[in-house]
Amino acid sequence: MTREEPPEIAKLRRRLERERIARQEAEAIAERGLRDLYQRKKQLKLLEKVATIANSSRSVRDVLQSTLTEICGFMDWPVGHALLLDQDSAEPALRSAAIWHAADPDRIAGFQRATEDSAFPSGVGLPGEVMASAKPHWFFNAPEEGNFPRRRPALACGIKAGFAFPVLVGEDVAAVLEFFAYSTIEQDEALLGLMSQIGVQLGRVIERRRAEERLIHDASHDALTDLPNRSLFLDRLGLAIARRKLNRGVHFAVLFIDLDRFKVVNDSLGHLAGDRMIVEVAERLTAALHQEELSAMSGTDGLLARIGGDEFAILLTDIGDPSDAVRFSHRVQESLRRPFTIDGQEIHTSASIGISLSTTPYAYAEDVLRDADLAMYRAKTLGKSRTEMFHREMHRSAMTRLTLEADLRRAMVNGEFLLHYQPIVSLESLEVVGFEALVRWRRPDGSMVYPGDFIGIVEDTGLIVALGFWILREACMATRRWQREFPRETPLTISVNISPRQFAEPDLVAQVRRIIAETGIDPQTVRLEITESVTIGDADREVSMLSQLKDLGIRLSIDDFGTGYSSLSYLHRLPLDVLKIDRSFVSAMDKSAESFQIVNTIMNLARNLGMHVVAEGAEVAGQIEQLQSLGCDYGQGYFFSKPMDPADVVKLLKGPTHWAGV
Amino acid sequence: MKGIVFNLLEEVVGRHYGDSVWDDLLDAAELSGAYTSLGSYPDSDMSKLVGAASSALSLPPADVLRWFGRQAMPLLAERYSAFFAPHTSTRSFLTSLNSIIHPEVHKLYAGAHCPHFHFDDAPDGALLIGYNSPRRLCDLAHGFIEGAADHYRENIRLDHPHCMAHGDRHCVIRMTAA
């Protein structure tokens, strides 16, 4: 029973209907826009809040706690929980950080316990799922979720939906935040995107905190070995002193350990090898400290620290008896006895150990360490691989040494060093062929000091490098002068010692080249004397170094031959011209057949290697005759002359040669 | 009051009585009648329209509101089906009002004054719905609840043990299975 409408009305009605539909669509579009805008604003607000929390200087735990609460509030989810990566366990796993947000704590108590008792390795459960993928994960209904080991306690408290997202440091999952709701909730992609952003924010907090912790750690630990450093050691030592003040019954000891021969390793094998050696020594000392016997020593506790280059210190607290410290020092020696293999080379070392004890009433940690250091120095002086206890006398001798050190530095500046020259004589013609330059120290009071009394300190302090080059320059200048004043068919030669420390200088060749150029001396007349101890390190470097020196035109000689441990095959590789037989053999050869044989053997060796031979320490006529009979080329020693000052050299060169002994 | 409510009323009246009756109601209430769902309009507009309908239909205003609420529900179910789908009963649908539906309303209309419903289970199994709004539209709420029951095909009985219209501080609507 449709009532006919006039066509105009029908048209208008349709038009009205179109307008209505258009209006509703427009409203729907606007509604969606408003809803999105609202969500966006809320998300921004959450991000802002998280950023504020992240930038506050609170601890990582506080930041995680506040963020959990914010997110739960934002999503209206009742449960939030944070897990941190536990890297110490055998298999890295996420473990509860015991940081929760719970709208109703009683309701989820069981679930909380089950969670805190669990570990979640990669792939296991909701956190493991996130750890494996480094991406958020969501399940909307707990009973249907396949990978949910906590299903039973979760269902017991009515948990239905859950999701979790990673806190990323770089690409690594450092923590996971998980959330649970009591109703089924479908995955919300926009929300997951937002949570990923929060995860990155929080990651920066953890990263920053780790950097801070690292800084603190680095400030108190040695970078190479990761052992406590000097400052941390002194700190702990200070505590031991304080405890000792409160309780006279507790004793402590400090062992100052310095490796013997380490400088040689460093200088000859290079710093990298030296570093590797230090790391291995640190490991062995750590192992020695952790041996069961130590704890058997009535609860003694030990702290190992690296104090400097090759110096370690051990603080033993709660020792029962001072002899415990000595016993322990033997164990340290024992631990170093096995040779070290560094870069394929077998290296033997030992330690000089000084001990200071709490029986001396100390007030400052620095003093305890200083005294142990002094005792160590004493041990070193008495011969390596020793242990010495500190006593007061050491303090005095240390002061003497310190004064000497200061005097030597001043001597360098004031030009208190001078050179004496000992003639080297042809055993065939008995003519002077050259001199060896020997350093002397004339103190301001006029007294003369011989190298035996100061060269050790000069070497220890590194002054030897500057002094060595000064000697070379001075000797070359003087010799050049004599060569001009007293021309002869074969010009005078000059021999100068090069210390192992100088030999390790990277610019040794350049320095020598400069000195030769500046003094104008003919390099053919310069002989650099090295000792065997130079030749036990990096063979390739030594050969290359010596070859470069040879390329300058100078001659090389090996000093004190026979006292070191050079292997003959190795010696053969070195581009040497002259071999100097050590005085100990020469001076004994007229009394000991054995020494004579040794000299004879060395002579043959030198001849076969095409080297000239200088016999040092020739003192009496008989020795000269023996040397001549063996065909030795040159002699040097008191038989001919003591070392003399430059004025006497000039006299010697002027007059006809006349040897007292001849 | 939000324009959507006026749009719903217009649609319900149009469906049952034809568009011209809506025009007549607007004329009688002396209103222009241009309402968009997103706009806000004076509450008095609604009472004027209810008054006009009450006169035209010779029904008390309370009955007009109940009728309107009940008839509006199918339209809402059509337009916002997502809110209805998760539920299978009137009771569970109603209890999602505060936590889900009204927060959604707020997303669209930051300043909307949604009524807050307070739900309580009576010992006899009845659901007690507390309503407190200065608009005093408990009858509209009554109609909406009936409409929801129609949607879930449930027979329910509603009564008002407390009502602001009778001087009580707030309304309590009691819902029992019929």
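Colleague: Leaving aside neighbours within four places in sequence, which residues is L579(A) in contact with?
Modeller: This is a predicted model, where local features need pLDDT of at least 70 and side-chain atom pairs count only at pLDDT 80 or more, while totals for chains, interfaces and linings use all residues. Residues are numbered from 1 along each chain as its sequence is written, with chains lettered from A and ligands numbered from 1 in written order. Contact needs C-beta atoms, placed from the backbone, within 7 Å. For L579(A), the partners are S557(A), I558(A), F561(A), I602(A), A606(A), M611(A) and V613(A).

Colleague: Which helix gives the most to the largest nonpolar core?
Modeller: That core (buried Ala, Val, Leu, Ile, Met, Phe, Trp, Tyr and Cys joined through C-beta atoms within 7 Å) has 64 residues, with A475(A), L579(A) and I581(A) making the most contacts inside it. With 8 residues, the top contributor among the helices (DSSP runs of H or I, at least four residues) is α15 of chain A.

Colleague: Is G3(B) buried, partly exposed or exposed?
Modeller: G3(B) sits in helix α1 of chain B and touches residues including Y35(B) and Y41(B). Buried needs 20 or more other C-beta atoms within 10 Å, and exposed means 12 or fewer. Because G3(B) has 18 such neighbours inside 10 Å, this residue is partly exposed.

Colleague: Which are the edge strands of the open sheet in chain B?
Modeller: Its 4 strands (DSSP runs of E, at least two residues) are ordered β1-β2-β4-β3 with antiparallel pairing, where a pair needs at least two DSSP bridges. Pairing on one side only are β1 and β3 of chain B.

Conventions:
Contact = placed C-beta atoms within 7 Å.
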